[in-house]
Amino acid sequence: MTKLYSREKYLSRIRGFYHATDIIKVITGLRRCGKSSIMQLISRELIKNGINKENIIFISLQKRGFKSINTPEKLEEKIDKLSEGIKGTKYLFIDEIQKVKGFEEVVDAYREEGDYSIFITGSNSYLLSGELSTYLTGRYIEFEICTLTFDEYIGMKDYFGLPVQHNNLIQEFDKYIKEGGFPRAVLIDNLQDKQTYVRGIIQEIFDKDIKKNKKIRNKELFNTIQTYIINNFGSKTSIGALCDYINKTRTEPIKKDTVYRYLGILENAKIISRCNRFDMKSKKSINGEEKYFLGDLSFYFATNVDGRINYGPVLENIVYNYAKSKRYQISVGQIGNLEVDFILRDQFDNYSYVQVAMTIYSEEEDGIDKTQEREYRPLEQIEDNYPKYVLSLDYLMQKRGGIIHENIVDFMSTSKDF
């Protein structure tokens with residue numbers, strides 16, 4: 001049996017629905033982030049907890065024996081055949097379900113029967129952006145899987161017996177920044193091979209998720225936008241400014257609607273994630289200057305010759321994905337001319353505020369540390385009593401105004417909540 005690293009933060013969320021026959025469990029996420037492994041872990045856990053192995057029906061539509069299943073009729077025929085004679089609840093796992101056009105009616109029909117607990121994964125650009133989100137409204141729950149966060153990166157290396165410098169986690173963090181969090185990449189020996197693997201994932205996403213998209217009428221323009229966003233992750237992105245940048249090299253001006261559409265395709269493929277801006281005084285969203293973060297940092301380092309680390313956006317991207325993996329709703333806060341890197345809201349509507357910096361210490365000017373002022377002042381302008389954090393790579397902690405100053409590496413390696 002293949003060894004699989006158990007990703008408890010996701011299993012713990014799905015576990016309460018293992019036996020729910022009235023709800024379809026939809027597992028989404030970036031390609032190669034570990035969705036199939038999550039389903040295998042669930043099936044193994046069910047068996048360990050007393051479910052008969054014959055009640056587990058696992059259909060992977062990209063593997064031998066299942067590749068020819070490409071219509072709803074063939075899918076239904078295969079499920080019926082594998083279910084024949086099985087008593088009690090059947091646990092139906094279907095991987096890469098988007099390969100069957102019109103699968104929605106099939107899975108809903110089995111859900112209606114009441115004796116199937118259904119789990120599905122699929123390419124995101126085909127799945128929840130398509131008919132599933134409308135056809136099965138209220139009858140499914142989405143569980144989004146992220147690539148490995150830093151705590152999982154260390155945990156997986158420990159699990160497979162790979163060397164980890166537990167007494168010098170800052171070096172492990174530096175490796176994590178450049179290697180990224182794709183689970184399979186952790187098991188590859190050197191950085192060059194890891195980055196080759198990531199470039200292969202990017203190409204796979206393009207070939208299987210993007211290339212066939214009929215909404216992309218100009219592939220060259222799409223590639224230009226993709227490259228721009230990957231190279232400018234974590235920056236304020238004005239669609240107007242992006243259009244101006246692209247139009248410098250075009251004879252026919254690009255329309256804003258086209259840019260929005262292409263960015264939406266990149267979002268559906270989970271290459272990027274949009275973080276909206278929020279005015280904390282008016283309590284309204286700010287349109288036009290969103291930030292886009294990468295689904296995995298390795299997208300940047302695998303596609304750029306320059307391997308230098310710009311710690312500002314890099315650390316923000318890592319904190320963003322970490323918060324996302326913990327199911328926080330995330331936005332960028334604006335207070336007048338000041339900015340709060342992240343406003344986080346949990347499922348109980350509790351808030352927390354986070355500033356991210358490489359260091360909060362710099363040269364003083366007129367007796368004032370400019371960096372500390374930049375990081376602390378926005379948080380001090382917030383009048384509620386929710387927790388406020390400054391996360392940095394410093395190991396000398398500052399105490400100021402009840403704001404929590406923590407080292408990013410220590411915070412993440414122990415999987416803390418905000």
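This is a guided tour of a predicted model, arranged as a series of selections to make in the viewer.

**The eight-stranded sheet**

Begin by selecting the open sheet of eight strands, whose order is β6-β8-β7-β9-β10-β11-β14-β15 and whose pairing is mixed. Its edges are β6, at residues 236-238, and β15, at residues 404-407, and each of these two strands pairs on one side only. If you look along the sheet, neighbouring strands are turned by 35 degrees against each other on average, with direction ignored.

Now add helix α14, residues 311-325, which packs on this sheet and touches β7 (272-279), β8 (284-294), β9 (329-335), β10, β11 and β14 (388-392). The direction of α14 makes about 100 degrees with that of β8.

**Strand β11 and its two partners**

Within that sheet, restrict the view to strand β10, residues 338-345, and strand β11, residues 351-356, which pair in the antiparallel sense over four bridges. Two positions are worth labelling here: Ile343 stands opposite Tyr353 in β11, and Leu344 has Ser352 in β11 as its bridge partner. The two strands form a hairpin with five residues between them, and in the turn you can select Asp349, which has a positive phi of about 65 degrees.

Next, bring in β14, which pairs with β11 in the parallel sense over four bridges; one position to label is Val354, whose bridge partner in β14 is Tyr389. Five of the six residues of β11 are buried, so this strand is largely enclosed by the rest of the structure.

**Helices α11 and α12**

Move on to helix α11, residues 239-247, and helix α12, residues 256-268, which pack at an angle of about 105 degrees with their axes 10 Å apart. That angle makes α11 roughly perpendicular to α12. To see the contact itself, show the side chains of Ile239, Leu242 and Cys243 together with Gly240 in α11, which meet Lys256, Val259, Tyr260 and Leu263 in α12. Sorted by class, this contact has six nonpolar, one polar and one charged residues.

**Helix α6**

Select helix α6, residues 150-159, which is mostly covered, with eight of its 10 residues buried. The buried residues are Phe150, Asp151, Glu152, Tyr153, Ile154, Gly155, Met156 and Lys157, a set that includes charged residues as well as nonpolar ones. To find what covers them, display α1 (8-14), α7 (169-179), α8 (183-186), α14 and α16 (408-413), against which the buried residues of α6 pack. Just after α6, stop at Gly161, which takes a positive phi of about 70 degrees.

While α8 is on screen, pick Arg184, which lies in that helix and is partly exposed, with a relative accessible area of 44%. A distance drawn from the C-alpha atom of Arg184 to that of Arg327, 143 residues apart along the chain, spans 23 Å.

**The nonpolar cores**

In soluble globular proteins, nonpolar side chains tend to be buried together. Here the largest nonpolar core has 92 residues, of which Ile42, Phe173, Ile210 and Phe418 touch the most other members. Helix α14, already selected on the eight-stranded sheet, gives the largest share of this core, with seven residues.

Centre the view on Ile210 and show its surroundings: leaving aside residues up to four places away in sequence, Ile210 touches Ile205, Ile216, Phe222, Gln226, Ile265, Leu266, Ala269 and Ile271. A second, separate core has 23 residues, and Ile79, Val106, Val107 and Tyr110 are among them.

**The five-stranded sheet**

Finish with the open sheet of five strands, which has the order β2-β3-β4-β1-β5 and parallel pairing. At its edges stand β2 (56-60) and β5 (140-145), each with a single partner strand, so one side of each is left without a neighbour in the sheet. Neighbouring strands of this sheet are turned by 15 degrees against each other on average, again ignoring direction.

Inside the sheet, select strand β3, residues 90-95, and strand β4, residues 116-121, which run parallel and are joined by five bridges; Ile94 and its bridge partner in β4, Ile120, mark one position along the pair. As a last selection, add helix α3, residues 72-83, which lies across β2, β3 and β4 and runs at about 150 degrees to β2.

Key:
Residues are numbered from 1 along each chain as its sequence is written. This is a predicted model: local features need pLDDT of at least 70, side-chain atom pairs count only at pLDDT 80 or more; totals for chains, interfaces and linings use all residues. Side-chain values use heavy atoms; hydrogens and water are left out. Two strands pair if DSSP finds at least two bridges between them. Axes are lines fitted to C-alpha atoms, for helices over the stretch in contact, and angles run from 0 to 180 degrees between N-to-C directions. Contact means heavy atoms within 4.5 Å. Angles under 35 degrees count as roughly parallel, over 145 as roughly antiparallel, 65 to 115 as roughly perpendicular and the rest as oblique. Buried means under 20% relative accessible area, exposed over 50%, partly exposed in between (1.4 Å probe, protein chains only). A nonpolar core is a set of buried Ala, Val, Leu, Ile, Met, Phe, Trp, Tyr and Cys residues joined through side-chain atoms within 4.5 Å.
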